[in-house]
Amino acid sequence: MTRAGFTFYEVMVSVGVMLVLSALAVTYSTSTREQILIFREQAAVVSMLSRARGLAAKGYTAGSNIICAYGVHFDETDGEIIVFGDFGDSAADCTDVNYAYDAGEELKEYTLHPKVSMSADASDIVFIPPDIEMKADGGAVSFPVSIRLSAGGESADVSVAASGQITTN
């Protein structure tokens, strides 16, 4: 008499292999989710920096306001990134500009995902038209400036060189 089917040991080995594969899949999906989150936020940082640099190169003005510089402000505590225009006085000169973010100068704001933390070498990176001279924290910080984003065990960097080149790592 022959019996069709699997033995108890064959079934147990199959279940064990499936459990190991399931555990690996869950681990990799969590890691992948963190990587996607970090890379999405890294792209947002690059986009904000590129926008400020592009506005400075173009010489954009906001209505009747004289904008002497464009920059990006990094608020590590709140996870906010703000593109701002550093406004000059109404006399069309830029003698009173501090090359730093002040309330009311916002052009665009972005808030990082709550799971992502940010650390930056400078809180303000400023692009000064027309030849795109650069300053970090009003000239107090030298270039290159790095912005590090991290979530869980994953991290990504964005660097800004003195020439205005933006790179990612």
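## Strands, a helix and a patch: worked exercises

I125 stands opposite A136 in β6. Let's build outwards from that pair. This is a predicted model, where local features need pLDDT of at least 70 and side-chain atom pairs count only at pLDDT 80 or more, while totals for chains, interfaces and linings use all residues. Residues are numbered from 1 along each chain as its sequence is written, and side-chain values use heavy atoms, with hydrogens and water left out.

**Exercise 1.** Find the strand that holds I125, then work out whether I125 is buried or exposed.

*Solution.*
- Step 1: Look at residues 124-128, which make up strand β5, and you'll find I125 there. (Strands are DSSP runs of E, at least two residues; helices are runs of H or I, at least four; both are numbered from the N terminus.)
- Step 2: Check the relative accessible area, which is 0% for I125. Buried means under 20%, exposed over 50%, and partly exposed in between, using a 1.4 Å probe and protein chains only, so I125 is buried.
- Step 3: See what surrounds it. Beyond its neighbours within four places in sequence, I125 is in contact (heavy atoms within 4.5 Å) with residues including L49, Y70, F74, F143 and V160.

**Exercise 2.** Give the strand order of the open sheet and say which strands stand at its edges.

*Solution.*
- Step 1: Strands of a sheet pair through backbone hydrogen bonds, either parallel or antiparallel. Here, two strands pair if DSSP finds at least two bridges between them.
- Step 2: Trace the five strands: the order is β3-β2-β1-β5-β6, with antiparallel pairing.
- Step 3: β3 (106-111) and β6 (133-136) each have a single partner strand, so they stand at the edges with one side left without a neighbour in the sheet.
- Step 4: From one strand to the next, the twist averages 15 degrees.
- Step 5: Zoom in on β5 and β6, which are joined by four bridges. Helix α1 (residues 8-58) packs on the sheet and touches β1, β2, β3 and β5.

**Exercise 3.** Describe how β7 pairs with β8, and which residues lie on its covered face.

*Solution.*
- Step 1: β7 (residues 145-151) has V145, I147, L149 and A151 on its covered face; S146, R148 and S150 are on the uncovered one.
- Step 2: Seven bridges link β7 to β8 (residues 154-160) in the antiparallel sense, and V145 stands opposite V160.
- Step 3: The two strands form a hairpin with two residues between them, and G152 in the turn has a positive phi of about 60 degrees.

Terms used:
Axes are lines fitted to C-alpha atoms, for helices over the stretch in contact, and angles run from 0 to 180 degrees between N-to-C directions.
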